[in-house]
Amino acid sequence: MRNSVSPPALTRRRFTQLSGMAIGSLALSGAARAASAADVTLEIAPYTLEASPKHHIRTVAYNGQIPGPLFRMREGESQSVEIRNLTKDSEVVHWHGLYLPPDIDGAMEEGTPMIAPGASTRYTMTPRPAGFRWYHTHTFAGKDLTKAQYSGLHGFLLIEPRDNPAAYDREVILGLHDWNGQFLSSDDGYMNPVYDVATINGKMLGSGDPIKVKQGERVMMHILNSSPTEVHWISFSGHSFKVVSLDGNPVAQAQTVSMLRLAPAERVSALVEMNNPGVWVLGEVRKHVQASGMGVVIEYANSSGKPVWTQPEDLVWNYRQFAAAGDAAQHQDVKAIELIFNSKFQGHGNEELWLINGLSYPQNSTPANAPHLQTGQRYRLVMKNKSMDDHPVHLHRHTFEIRRIEKSPEIAGVRKDVVLVHAGETVEVEFVADNPGKTLFHCHQQDHMDRGFMMVFDYA
């Protein structure tokens, strides 16, 4: 039986408001201000997206484009960053997948100051590790499905390694996103967003320019799911994907697959051999989502005609296929932390409250309730999803290794920063606490995060 509970005393919305009022132009510890131009400049401002000639979406964007600009940074080389907020709401930018100090990671729960309306901030960061990362807003939306991750505030980030053996001819970077969300309520009061527009790189299928390729090219496709709530399944008709990294981290075993699954915030990098000339569709496998616009045309040189789509019969994906062969090595010094995911019904017409170990944020993150970490210690997060929803969970400022999925044998070599934990399933991951400071752990589904599905780990 589910019981009604009171909302948190300090909500995420109120925390945002207080932070926004307190902070104008920021001065962060370890930050550097200079009169010279910044290496990276982000301007947050209102924007109207033309997803198609018939679909104009009023939103917010970085530098007047959706997705935001691609930033290429060299691993370990410092970058000066300037962010200007030209909106009426307080904002913050999270650098997803980087090992940054809490005060510039971009989460108010870790202590990153919010940027007030009309204000700006400037700081210096050292990007690492190498790989396909991204940046995005990290604010509260609640019932306003135009704010936070429902908006256009997301962009690509490639951290190039010091030594890069370019085993491909060119790169194509694709961002999946859903728009015009509405809450649909079920008989028991459960609220879930649905969308009527879906895009790749801000365009609905048939509205943007085709991606032009040449026969014989080896194309590295970096694909990001920046959707606020939706898992997406992607296929490229007439072609296969050779997956070489997940969330920007090389996999133990590259595998050739017929389709990709990306939960919110997940990234896949895959090599595609352009060996089947024609005009093809790369898009969402589920028909109703592709009908909402999630697709892009891939056109070979000297080819013409109507784009071809071949409908797959099944949805196929498993993290295990990218793991190392043989028995997974055991770490004798690892300490387990059990995290139980569940929700509580709050009455008809109200959204459910999400819980970790029986408490919502911020109650679960007090010194008495939050896990206590020690620098240098290896931890295993045993995530038990007792709810009826899948959850894409993200650990800030660290990379973890998937060690077990449900009751299957242990695995190794799949390193990520987001993992999808299915309803009723248990997933175990390990990480080393090697980046001290407040560290946010949360479901990357925006509505779940807004309803309390967060926890802050702290260690000195």
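I began with one pair of residues and noted that Leu440 has Val456, in β31, as its bridge partner. The model I am reading is a predicted one, and I keep that in mind for every entry here.

From that pair I moved outward to the strands, and found that β30, which covers residues 439-443, pairs with β31 in the antiparallel sense over 4 bridges. I then looked up the sheet around them, which is an open sheet of 4 strands in the order β28-β25-β30-β31, with antiparallel pairing. At its edges I marked β28 (418-421) and β31 (454-457), each of which pairs on one side only. Neighbouring strands of this sheet are turned by 20 degrees against each other on average, with direction ignored. I added a general reminder that strands of a sheet pair through backbone hydrogen bonds, either parallel or antiparallel.

My next entry is on Ser237, which I located in the loop between β15 (232-236) and β16 (241-246). Is Ser237 buried or exposed? I wrote down that Ser237 is buried, because its relative accessible area is 2%, and the cut-off for buried is under 20%. Leaving out residues up to four places away in sequence, I listed Trp280, Val281, Val308, Trp309 and Thr310 as the residues that Ser237 touches. With Thr310 I also noted a polar contact, in which the side chain of Ser237 reaches the backbone nitrogen of Thr310 at 2.8 Å.

Last, I looked at the whole protein, where I recorded 4 helices and 31 strands, and saw that buried residues make up 58% of the 460 residues. Among contacts between residues at least 6 apart in sequence, 77% join residues at least 24 apart.

Notes: Residues are numbered from 1 along each chain as its sequence is written. This is a predicted model: local features need pLDDT of at least 70, side-chain atom pairs count only at pLDDT 80 or more; totals for chains, interfaces and linings use all residues. Side-chain values use heavy atoms; hydrogens and water are left out. Two strands pair if DSSP finds at least two bridges between them. Helices (H or I, at least four residues) and strands (E, at least two) are DSSP runs, numbered from the N terminus. Axes are lines fitted to C-alpha atoms, for helices over the stretch in contact, and angles run from 0 to 180 degrees between N-to-C directions. Buried means under 20% relative accessible area, exposed over 50%, partly exposed in between (1.4 Å probe, protein chains only). A polar contact is a pair of N or O atoms within 3.5 Å; within protein, one must be able to donate a hydrogen and the other to accept it, and residues adjacent in sequence count only if both atoms are side-chain atoms. Contact means heavy atoms within 4.5 Å.
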